[in-house]
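Me: I should like to learn how to read helices, burial and salt bridges in a model of this kind. Please take the features one at a time.

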Amino acid sequence: MSPSSSPPPPADSSPRPRQRRKEARPQELLEAALALFVERGFAATRSEEVALRAGVSKGTLYRYYPSKEELFKAVVRENLTAHIAETAAFVANFEGPSDLLLRQVMEAWCVELGRGGMGGIVKIMLSEARNFPELANFYRDEVIVPTDAVLGALLQRGISLGEFRPVPVPEMITILIGPLLHLIIHEHSLGSCGLPCMEVHAADVLAVQLDLVLRGLMLQPPPG
């Protein structure tokens with residue numbers, strides 16, 4: 001090439017519209033599936049409805065997720081499993097006092113579950129697990145066991161550091177999770193009907209719960 005020749009333009013490495021669309025399809029399918037599962041429940045949601053809402057064919061849906069069960073598992077992993085793993089890493093690397101750690105973890109979970117999608121998945125499993133034992137086992141392994149492990153590690157941390165009383169950890173985990181489950185059930189049942197005098201403010205409930213729990217849990221109860 002002579003010095004006066006202009007160099008060829010660089011090759012465009014950005015994905016073409018069709019390529020971008022193909023790569024985006026799994027996420028679009030998961031978002032559509034989450035919305036429909038929350039609206040209708042697992043049993044009442046049909047695969048073709050998910051494909052229609054995502055703007056793809058039923059064949060495309062099955063290419064990524066061969067069954068509705070596999071689609072639901074992917075939704076759980078995308079929304080709940082990933083969040084629990086992030087929380088586990090946060091707990092493992094936290095360097096402050098254990099009461100502050102407990103507050104931050106519970107407040108974050110309350111916000112995430114209150115956004116609708118994640119809480120909707122929990123409500124589905126609470127109401128439909130009996131009819132789908134395979135999904136129930138999957139949910140136990142992907143959500144319940146890791147959640148218990150995160151909270152168990154957090155509580156044991158506080159006990160080992162002399163910040164928390166030596167309480168029975170499994171029972172304390174149930175005490176921490178119970179109100180969250182109640183709030184989820186309320187939000188996706190009576191709370192969604194707009195009934196008078198049925199409004200519950202999750203943040204206010206959590207504040208009272210943490211105040212009571214920490215006063216009983218800490219060796220030196222918080223002032224106030």
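Me: Which residues of α8 are buried?
Reply: Buried means under 20% relative accessible area, exposed over 50%, and partly exposed in between (1.4 Å probe, protein chains only). In this predicted model, local features need pLDDT of at least 70 and side-chain atom pairs count only at pLDDT 80 or more, while totals for chains, interfaces and linings use all residues. Residues are numbered from 1 along each chain as its sequence is written, and side-chain values use heavy atoms, with hydrogens and water left out. The buried residues of α8 are V169, M172, I173, L176, I177, L180, L183, I184 and H186. They pack against α5 (98–113), α6 (117–128), α7 (133–160) and α9 (202–217).

Me: Where does α8 bend?
Reply: The bend at a residue is the angle between axes fitted to the seven residues ending there and the seven starting there. For α8 this is about 30° at I177, with P179 following within four residues.

Me: How should the salt bridge of E70 be read?
Reply: A salt bridge is a side-chain nitrogen of Lys or Arg within 4 Å of a carboxyl oxygen of Asp or Glu. E70 pairs with K73, the closest N and O atoms being 3.6 Å apart. Both residues lie in helix α4, three residues apart, about one turn of the helix. E70 is partly exposed at 33% relative accessibility, whereas K73 is buried at 10%.

Me: Which salt bridge involves R53?
Reply: The side chain of R53 meets that of E39 at 2.9 Å, N to O. R53 lies in helix α2 and E39 in helix α1, so the pair ties together parts that are 14 residues apart in sequence.

Notes
Helices (H or I, at least four residues) and strands (E, at least two) are DSSP runs, numbered from the N terminus. Contact means heavy atoms within 4.5 Å.
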